[in-house]
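The following exercises concern salt bridges and the exposure of the residues that form them. Please examine the sequence and the structure before working through each solution.

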Amino acid sequence: MARVREDRTPFRRPTNVSLDARLVAEAKELGINVSRASEEGLAREVKAERERRFKEENAEAFEEWNRFVEEKGLPLERFRQF
């Protein structure tokens, strides 16, 4: 989770990254904020990796739950109204 300052704005850290020069030039031509776009792309990648790891780390529990439901059905299923 990003650190937040007292005034509730995210703390930003200057970072050096290497990007394809042609891609950066085209982004600037199109008025794309390269820093913001990079941050958004990194945030998507971090989210996707966390989700992948969660699924991997909990695969056994998911399999066990699916077996339970197959054998016994959903808990409280009799109360479903659809």
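**Exercise 1.** In which helix do E39 and R36 both lie, and how many residues apart are they?

*Solution.* The model is a predicted one.
Step 1. Both E39 and R36 belong to helix 2, which comprises residues 34-57.
Step 2. They are three residues apart, about one turn of the helix.
Step 3. Their side chains form a salt bridge with an N to O distance of 3.3 Å.

**Exercise 2.** Determine whether E39 is buried, partly exposed or exposed, and describe its relation to R12.

*Solution.* Step 1. Buried requires under 20% relative accessible area and exposed over 50%.
Step 2. E39 has a relative accessible area of 38%, so this residue is partly exposed.
Step 3. R12 is 27 residues from E39 along the chain, and the C-alpha atoms of the two are separated by 10 Å.
Step 4. The side chains of E39 and R12 are joined by a polar contact of 2.7 Å.

**Exercise 3.** Describe the salt bridge between K47 and E51, and classify the exposure of each partner.

*Solution.* Step 1. K47 and E51 both lie in helix 2, four residues apart.
Step 2. The salt bridge between their side chains has an N to O distance of 2.6 Å.
Step 3. K47 is exposed because its relative accessible area is 52%, whereas E51, at 38%, is partly exposed.

**Exercise 4.** How many salt bridges does the structure hold, and which residues are linked in a network?

*Solution.* Step 1. The structure holds nine salt bridges.
Step 2. The network of salt bridges links E49, R52, R53 and E56.

Methods:
Residues are numbered from 1 along each chain as its sequence is written. This is a predicted model: local features need pLDDT of at least 70, side-chain atom pairs count only at pLDDT 80 or more; totals for chains, interfaces and linings use all residues. Side-chain values use heavy atoms; hydrogens and water are left out. Helices (H or I, at least four residues) and strands (E, at least two) are DSSP runs, numbered from the N terminus. Buried means under 20% relative accessible area, exposed over 50%, partly exposed in between (1.4 Å probe, protein chains only). A polar contact is a pair of N or O atoms within 3.5 Å; within protein, one must be able to donate a hydrogen and the other to accept it, and residues adjacent in sequence count only if both atoms are side-chain atoms. A salt bridge is a side-chain nitrogen of Lys or Arg within 4 Å of a carboxyl oxygen of Asp or Glu.
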